[in-house]
Amino acid sequence: MFKKILVPVDGSEGSWRALNTAVELGKKFDSDLLVVNVIQPYNNAALLAIPLDHATVTQGNSELEKIGDKVLEMAEERLADYPHKTEFSLEVGHPSERIIALAKKANADAIVIGSRGLSGIAEFFLGSVSSKVSQYATVPVLIVK
């Protein structure tokens with residue numbers, strides 16, 4: 001039924017619960033897992049309250065990439081015993097848009113996502129990533145609380 005499951009992780013407890021749920025589903029359906037971390041760069045105008053110089057933006061984005069890589073390393077450790085194929089991807093852009101686009105590109109059959117991530121107050125203004133993914137994805141979406 002689910003040959004490939006996409007799981008976004010951001011290091012939050014909700015995303016780790018989603019990963020655990022995806023593992024259980026994957027074991028039942030012999031599914032491959034595609035684990036993704038999406039970083040949203042500082043040059044996104046919606047997130048900037050004050051203008052930053054180019055060096056500050058570049059340094060901030062570099063730090064975000066390091067954090068994203070670390071989150072994916074943690075996910076890889078958690079999946080060390082997973083019996084099927086696992087892939088890991090670091091994406092840059094708006095989280096819900098990148099998750100939906102990657103699901104299409106990778107031919108994912110389902111998305112398993114945590115209900116709340118690390119975005120905090122940004123969720124209030126921009127809308128929840130999991131809500132947008134569930135609204136616009138063309139495959140089943142399981143939101144894990």
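This note goes through a predicted model of a protein chain, from the overall layout to single residues.

1. Overall layout. The protein chain holds five helices and five strands. Read from the N terminus, these elements come in the order β-α-β-α-β-α-β-α-α-β. The chain has 145 residues, and 40% of them count as buried. Its accessible surface is about 8300 Å², and carbon and sulfur atoms supply 54% of that area.

2. Contacts along the sequence. Among contacts in the protein chain with a separation of 6 or more, 76% are between residues 24 or more positions apart. Several of the residues discussed below give examples of contacts between separate parts of the sequence, including L34, which touches I5 and A106.

3. Helices α3 and α5. Two packed helices are described by the angle between their axes and the distance between the axes. Helix α3 covers residues 95–105 and helix α5 covers residues 129–136; the angle is about 40 degrees and the axes lie 9 Å apart. The crossing of α3 with α5 is right-handed. On the α3 side, P95, S96, I99 and I100 make the contact, and on the α5 side V129, K132, V133 and Y136 do so. By type, the residues of this contact are six nonpolar, one polar and one charged.

4. E91. Is this residue of strand β3 buried or exposed? E91 has a relative accessible area of 14% and is therefore classed as buried, the cut-off being under 20%. Strand β3 itself runs over residues 86–92. The side chain of E91 has a polar contact of 2.7 Å with the side chain of S89. Beyond four places in sequence, E91 touches V36, N37, V38 and I39, as well as R98 and L102. Of these partners, V36, N37, V38 and I39 fall within the residue range of strand β2, 32–39, while R98 and L102 fall within that of helix α3, 95–105.

5. L34. This residue sits in strand β2. L34 is buried, with a relative accessibility of 4%. Leaving out residues up to four places away, L34 touches I5, L6 and V7, then E87, F88 and S89, and also L102 and A106. The residues E87, F88 and S89 lie in the range of strand β3, residues 86–92. L34 and A103 are separated by 69 residues in sequence, yet their C-alpha atoms are 8.9 Å apart.

6. S15. Helix α1, residues 13–29, contains S15. The relative accessibility of S15 is 4%, so S15 is counted as buried. What does its side chain reach? One polar contact, of 3.2 Å, joins the side chains of S15 and D10. The S15 side chain also comes to 3.3 Å from the backbone nitrogen of G11. With neighbours within four places set aside, S15 is in contact with P8, V9 and D10. D10 thus appears both in this contact list and as the partner in the side-chain pair.

7. D30 and N107. Both residues deserve a look at their backbone angles. D30 is not a glycine, but its phi is positive, at about 55 degrees. N107, also a residue other than glycine, has a positive phi near 55 degrees. D30 is placed in the loop between α1 and β2, and N107 in the loop between α3 and β4. In terms of exposure, D30 has a relative accessible area of 49% and is partly exposed, whereas N107 is exposed at 59%. The two fall into separate classes because exposed requires over 50%.

8. G114. Strand β4, residues 110–114, includes G114. With 12% relative accessibility, G114 counts as buried. Which residues does G114 touch, apart from those up to four places away in sequence? They are G14, A18, S130, I143 and V144. G14 and A18 belong to the stretch covered by helix α1, residues 13–29, and S130 to that of helix α5, residues 129–136. From G114 to S130 the C-alpha distance is 6.9 Å, with their positions 16 residues apart in sequence.

Terms used
Residues are numbered from 1 along each chain as its sequence is written. This is a predicted model: local features need pLDDT of at least 70, side-chain atom pairs count only at pLDDT 80 or more; totals for chains, interfaces and linings use all residues. Side-chain values use heavy atoms; hydrogens and water are left out. Helices (H or I, at least four residues) and strands (E, at least two) are DSSP runs, numbered from the N terminus. Buried means under 20% relative accessible area, exposed over 50%, partly exposed in between (1.4 Å probe, protein chains only). Contact means heavy atoms within 4.5 Å. Accessible areas come from the Shrake-Rupley method with a 1.4 Å probe; for residues, only the protein chains shown count as cover. Axes are lines fitted to C-alpha atoms, for helices over the stretch in contact, and angles run from 0 to 180 degrees between N-to-C directions. A crossing is left-handed if the near helix is turned anticlockwise from the far one by less than a right angle, and right-handed if clockwise. Ala, Val, Leu, Ile, Met, Phe, Trp, Tyr, Cys and Pro count as nonpolar, Asp, Glu, Lys and Arg as charged, and the others, Gly among them, as polar. A polar contact is a pair of N or O atoms within 3.5 Å; within protein, one must be able to donate a hydrogen and the other to accept it, and residues adjacent in sequence count only if both atoms are side-chain atoms.
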